[in-house]
Amino acid sequence: MQRGEILCWLRESDPTRLADLWRLADRTRQEHVGGEVHLRGLVELSNHCVRLCGYCGLRAGNLSLARYRMSDEEIMGCVRMAVKFGYGTVVLQSGEDPELTCQRIAVLVGRIKAETRLAVTLSLGERDDHDLATWRQAGADRYLLRFETSNRALYERIHPSRPGQRGDRLAILATLRRLGYEVGSGVMIGIPGQTYDNLADDLELFGRLSLDMIGVGPYLRHPSTPLADRDIWPDAPGDQQVPASEEMTYKVIALSRLVCPRTNIPATTALATLNTAQGRELGLVRGANVVMPNLTPPKYRALYEIYPDKACIAETGEACHYCLHGRIEAIGRQPGRGRGDSPNYEVRFAAESTSAQIRNV
Ligand code: SAM
Ligand code: SF4
């Protein structure tokens, strides 16, 4: 897909033309990843975070948030629930929490792999090469790390580096790929100052990175974060600012599908937060093929407050399970069986192995 075409779609507002985009994305999804909707059980391990991301309610500077960290036994309870509900994957997500040591996560991953057949996805923030390699060796299959925006200046403003270190998420994505992980990344849509050109760059970068998983969702303002202050963080000038809207999110899901046809794309909780009644379903018929039912124990859910009014915080794991099953069946699709590995990974891995062999001849 040409850049001009991406930009035209991002600015399109005619419902008839947009219906063509939704149809094209849905057809591409069916052809390349099929009709199954893969379920990933999400466990939000800890809301401790040492970072100061300007957009996120878990940032270290948010002193009004009560913090929690789950015990290994609590985490294993969620993992067993994932098995009971027939999910193929468990996703372990957290703030950047130094107490989640390399060793602790490695033991946990090893235990999950020994006791279950689940694929394990980690989303624990920016960790060093040694940690990532150790977890891969312990059996972790996938890693999610959004680059948030490909505009370097905007990224550095909203995502300050740790003192003395330059946080380079693209470099970490390259390491993950070298280590053999299925690699997931993505962006927020409608960050103050994000332009249409920036978003087109993001989509082009998805294609160049040949991502195995792409997570995109609207930026949602959290009042206890710096980005919520419109005087300090103004929108891009004129008509350049990307809206953090539901429709824009569907456009980016659909275009991600067209740019990376074999990738796995979730209909995210942030999207469901904008439209509780139908956000997930509409995401699924406009290019997405994954949902992430929340398994975090109810007593912790409200504390994983990335943004306010998050969907499903009052539910139990069981309620989320039945709710999402019903939604998938209502749109005529089937819950996925097996691990739901990314078809892109297989193709990419084979191509990379061949070129490595050629280099070694
Ligand atoms: N700490 C890890 C990290 O940053 O990659 C994983 C957890 S973090 C909460 C997961 C994602 O939440 C981030 O990559 C970001 O895109 C998203 N997020 C954070 N604050 C948000 C907000 N205010 N609105 C929408 N998404 C947000
Ligand atoms: Fe921490 Fe991730 Fe939130 Fe940044 S986005 S403050 S790293 S939890």
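**Ligand 1 shell.** I began with the residues around ligand 1 in this predicted model. By class I found 10 nonpolar, 5 polar and 3 charged residues in the shell. I then looked up which of the 18 come nearest: Tyr-55, Arg-146, Glu-148, Leu-220 and Ile-306.

**Ligand 1 polar contacts.** I went through the backbone next. A polar backbone atom of Leu-220 sits 2.7 Å from a nitrogen atom of ligand 1. For Tyr-55, I read 2.9 Å between a polar backbone atom and a ligand 1 nitrogen. Ser-94 places a backbone N or O atom 3.0 Å from a nitrogen atom of the ligand. I also looked up the area: ligand 1 alone exposes 550 Å², and the protein buries 93% of that.

**Ligand 2 shell.** I listed the residues around ligand 2 as Cys-49, Arg-51, Cys-53, Tyr-55, Cys-56, Leu-58, Arg-59 and Gly-95. I sorted this shell into 5 nonpolar, 1 polar and 2 charged residues. Tyr-55 caught my eye, as it is listed around ligand 1 and around ligand 2.

**Loop between α12 and α13.** I turned to Lys-310, which is in the loop between α12 (298-301) and α13 (317-330). Is Lys-310 buried or exposed? Its relative accessibility is 8%, so I count Lys-310 as buried. What does its side chain meet in a polar contact? I found the side chain of Glu-44, at 3.1 Å. Setting aside neighbours within four places in sequence, I listed the contacts of Lys-310 as Glu-44, Thr-269, Thr-273, Arg-301 and Tyr-304.

I checked two other residues of this loop for backbone angles. Asp-309 lies in the loop between α12 and α13. Its phi is near 60°, a positive value in a residue other than glycine. Asp-309 counts as exposed because its relative accessibility is 68%, over the 50% cut-off. Cys-312 is in the loop between α12 and α13 too. I read its phi as near 70°, again positive in a non-glycine residue. At 23% relative accessibility, I enter Cys-312 as partly exposed.

**Nonpolar core.** I closed with the largest nonpolar core, which has 89 residues. Which residues have the most contacts inside it? I noted Leu-10, Leu-92, Leu-122, Trp-135, Tyr-143 and Phe-206. I followed Leu-92 further. Leaving aside neighbours within four places in sequence, Leu-92 is in contact with Val-43, Leu-45, Ile-75, Leu-108, Ile-112, Val-120, Thr-121, Leu-122, Ser-123 and Leu-124. Among these partners I marked Leu-122, since it is also listed with Leu-92 for the most contacts inside the core.

Terms used: Residues numbered from 1 in each chain as written. Chains lettered and ligands numbered in written order. Predicted model: local features only at pLDDT ≥ 70, side-chain atom pairs only at ≥ 80, totals over all residues. Heavy atoms only, no water. Core = buried A, V, L, I, M, F, W, Y, C linked by side-chain atoms within 4.5 Å. Buried < 20%, exposed > 50% of the residue type's maximum accessible area, 1.4 Å probe, protein only. Contact = heavy atoms within 4.5 Å. Near = heavy atom within 4 Å. Polar contact = N/O pair within 3.5 Å; in protein donor to acceptor, adjacent residues only side chain to side chain. Areas by Shrake-Rupley, 256 points an atom, 1.4 Å probe, with all protein chains shown as cover. Nonpolar A, V, L, I, M, F, W, Y, C, P; charged D, E, K, R; others polar. Helix = DSSP H or I, 4+ residues; strand = E, 2+ residues; numbered from the N terminus.
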